[in-house]
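Reader: I would be grateful for a close look at one part of the model shown here, followed by its setting in the whole chain. Please state the cut-off behind each term when it is introduced.

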Amino acid sequence: QVQLVESGGGLVQAGGSLKLSCAASGRIYAVGWFRQAPGKEREFVAGISSNGGSTNFADSVKGRFIISRDNYKNTVTLQMNNIQPEDTAVYSCATRRSYYFSTRDFEYDYWGQGTQVTVSS
């Protein structure tokens, strides 16, 4: 059983930056970041493969967000730049027992509790 803990959320002004971290209790493989805004379905934000060699982003965040990982520390980071009000959501990280990440949330085995990101205009 792997436990994931997200941190780094908060209130930020539009155009600002935030860095979210996902800390795992043990070794993790592929990781995805997802978000869910009030009244909306959970959506894929970014994913990274086990060794960090492959990443992918939702079109809405491409060019603004960066995902990286430190396998020695069992952490995955989501750097959010030029944040916009539409990025307001609860952000959760998830991991699956595979080298490859997935954009589909049901393919993940373990989830963190989420961290709130609120962007003011």
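Author: A suitable place to begin is the pairing of E6 with its bridge partner in β3, which is C22. The model is a predicted one, in which local features need pLDDT of at least 70, side-chain atom pairs count only at pLDDT 80 or more, and totals for chains, interfaces and linings use all residues. Residues are numbered from 1 along each chain as its sequence is written, and side-chain values use heavy atoms, with hydrogens and water left out.

Strands are DSSP runs of E with at least two residues, helices are runs of H or I with at least four, and both are numbered from the N terminus. Two strands are said to pair if DSSP finds at least two bridges between them. For β1 and β3, which run antiparallel, there are four bridges. Beside the pair of E6 and C22, V5 faces A23 of β3.

The side chains of β1 alternate: L4 and E6 point to one face and are buried, whereas V5 and S7 point to the other face and are not buried. Here buried means under 20% relative accessible area, exposed means over 50%, and partly exposed lies in between, with a 1.4 Å probe and protein chains only. In general, side chains of a regular strand alternate between the two faces of the sheet.

Ahead of β1 lies the segment that holds Q1. Q1 has a relative accessible area of 82% and is therefore exposed. Leaving aside residues up to four places away in sequence, Q1 touches S25 and Y110, where a contact means heavy atoms within 4.5 Å. The C-alpha atoms of Q1 and D109 are 9.4 Å apart, although 108 residues separate the two along the chain.

The strand β1 belongs to an open sheet of four strands, in the order β1-β3-β8-β7, with antiparallel pairing. β1 (4-7) and β7 are the edges; each has a single partner strand, so one side of each is left without a neighbour in the sheet. From one strand to the next, the twist averages 15°, with axes taken as lines fitted to C-alpha atoms (for helices over the stretch in contact) and angles running from 0 to 180 degrees between N-to-C directions. As a general matter, the strands of a sheet pair through backbone hydrogen bonds, either parallel or antiparallel.

At the other edge, β7 pairs with β8 in the antiparallel sense over six bridges, and S68 stands opposite T77 of β8. Alternation is also found along β7: F65, I67 and R69 point to one face and are buried, while I66, S68 and D70 point to the other and are not. The two strands β7 and β8 form a hairpin with four residues between them, and N74 in the turn has a positive phi of about 55°. A second residue other than glycine with positive phi is N82, at about 50°, placed in the loop between β8 and β9. N82 has 39% relative accessibility and therefore counts as partly exposed. For comparison, most residues other than glycine have a negative phi.

The sheet also contributes to the interior. A nonpolar core is a set of buried Ala, Val, Leu, Ile, Met, Phe, Trp, Tyr and Cys residues joined through side-chain atoms within 4.5 Å. In the largest one, with 29 residues, W33, L78, M80 and Y91 touch the most other members. Two or more residues each come from β3 (18-24), β4 (30-36), β5 (43-48), β7 (65-70), β8 (75-80), β9 (89-96) and β11 (115-120). β3 gives the largest share, four residues. Beyond four places in sequence, the contacts of L78 include L18, L20, W33, V45, F65, I67 and Y91.

As for the chain as a whole, it has 11 strands and zero helices. Of its 121 residues, 46% count as buried. Among contacts with a separation of 6 or more, 59% join residues 24 or more positions apart. The radius of gyration of the chain, 13 Å, agrees with the value near 14 Å for a compact globule of 121 residues; the radius is taken over C-alpha atoms, and the globule rule is 2.2 Å times the number of residues to the power 0.38. Along the principal axes, the C-alpha atoms fill a box of roughly 40 × 25 × 25 Å.
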